[in-house]
Every structure is written in C-alpha cells, then in structure tokens.
Amino acid sequence: MGRSILIASGKGGSGRSTFAIAMGISLAKRGSKVCLLDLNFGLRNLDIYLGLEDKVIFDIGDIMAAVCKVEKALIQHDKEPNLFLLESTQNKLVRGITEGHIKALVNQLKSRFDYVIIDGPSAVGMDLHLAAAGS
C-alpha cells in the first residue's frame, strides 16, 4: 500500500502545484511509481504544467459519475514513465462528492502507486476537507 501526501495552503499562488510536481518527478526518477492527484476543483493546472492538457479526456468528475474507471482517467507522463496524473474537473460542476468518495479514490490509487501526491485547493473550506480525507 502506497502513501498519500497532501500539499495544501490557504492561499492561491503559494507554489503548491509546482512543489507537488517537483516532488512527483523527483520520486519517479528514483524509481517510485507516483500519481499526482489534482484536487483543485474548477482551477486545475497540473495538466498544463506537465504539458499534458491535450491528453485529458476523463477526470475525477467522470470517475465519480461512473462514466469511466480510474484506469481510463490516468495519464502517464511522456518522459517519466513512473509518473501519472489524475486530473480534477475543469468545467463540470461536481455535486455530491463526499470525504468518503475521495478517501476511497485515494485508497484505490495507493494500492497501485508508491505515492499519491494530492495537490489541494487554494482555500480552507469544504474542498480542503475533501482533499484532506485522502491523506
């Protein structure tokens, strides 16, 4: 079973995403299998930072709505074969996601990856509680 790490801050622009990516790449280069999980609902950006924005077909909203399974939504990085991305929703309204849903998702990812690095939201409200449920 892998480990989950939440990168969180109550303020936007603090470097959470940059730190999450740097940590993920560093661990992947050392041979660990890593999943970057973007839980910044509505403001996702890991796909852009990693140059994978054209590869996002399915996201967490699709998983929660049972449109696809986790395997279909995971994106493997082109240059780092041990690094994967699971993106948050961008333009879809996601209702009804509970802490239990996020915990189950992260536990499923931890069974497949050595590390699940969660890029949390830039707030201290309900979205942070959702992200923290997985770590």
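Which residues does His77 touch, not counting residues up to four places away in sequence? In this predicted model, the partners are Leu50, Leu52 and Leu83, with contact taken as heavy atoms within 4.5 Å. Residues are numbered from 1 along each chain as its sequence is written, and side-chain values use heavy atoms, with hydrogens and water left out. Since the model is predicted, local features need pLDDT of at least 70 and side-chain atom pairs count only at pLDDT 80 or more, while totals for chains, interfaces and linings use all residues.

As for confidence, pLDDT is the predictor's own score for each residue, from 0 to 100. The protein chain averages 87, and 89% of its residues reach 70 or more. Among the elements (DSSP runs numbered from the N terminus: helices, H or I, of at least four residues, and strands, E, of at least two), E4 has the highest mean at 97 and H6 the lowest at 71.

Back to His77, which sits in the loop between strand E3 (75-76) and strand E4 (83-86). His77 counts as buried because its relative accessibility is 14%; buried means under 20% relative accessible area, exposed over 50% and partly exposed in between, with a 1.4 Å probe and protein chains only. A polar atom of the His77 side chain lies 3.0 Å from the backbone nitrogen of Lys79, and the backbone nitrogen of Glu80 is 3.2 Å from a polar atom of that side chain.

The strands on either side of this loop, E3 and E4, form a hairpin with six residues between them. They run antiparallel and are joined by two bridges (strands pair if DSSP finds at least two bridges between them), with Gln76 opposite Phe84 in E4. E4 also runs parallel to E2, through four bridges, and here Leu37 stands opposite Leu86. Both faces of E4 are covered: Leu83 and Leu85 are buried on one side, Phe84 and Leu86 on the other.

Leu86 also turns up in the largest nonpolar core (buried Ala, Val, Leu, Ile, Met, Phe, Trp, Tyr and Cys residues joined through side-chain atoms within 4.5 Å). Of its 22 residues, Leu37, Leu39, Leu74, Leu86 and Leu109 touch the most other members. The largest share of this core, four residues, comes from H5. A second, separate core has 16 residues, including Ala20, Leu27, Leu46 and Leu52.

As for cysteines, Cys35 is buried at 0% relative accessible area, and Cys68 counts as buried at 8% relative accessibility. The disulfide count is zero, going by cysteine sulfur atoms within 2.5 Å.

Definitions and conventions
Polar contact = N/O pair within 3.5 Å; in protein donor to acceptor, adjacent residues only side chain to side chain.
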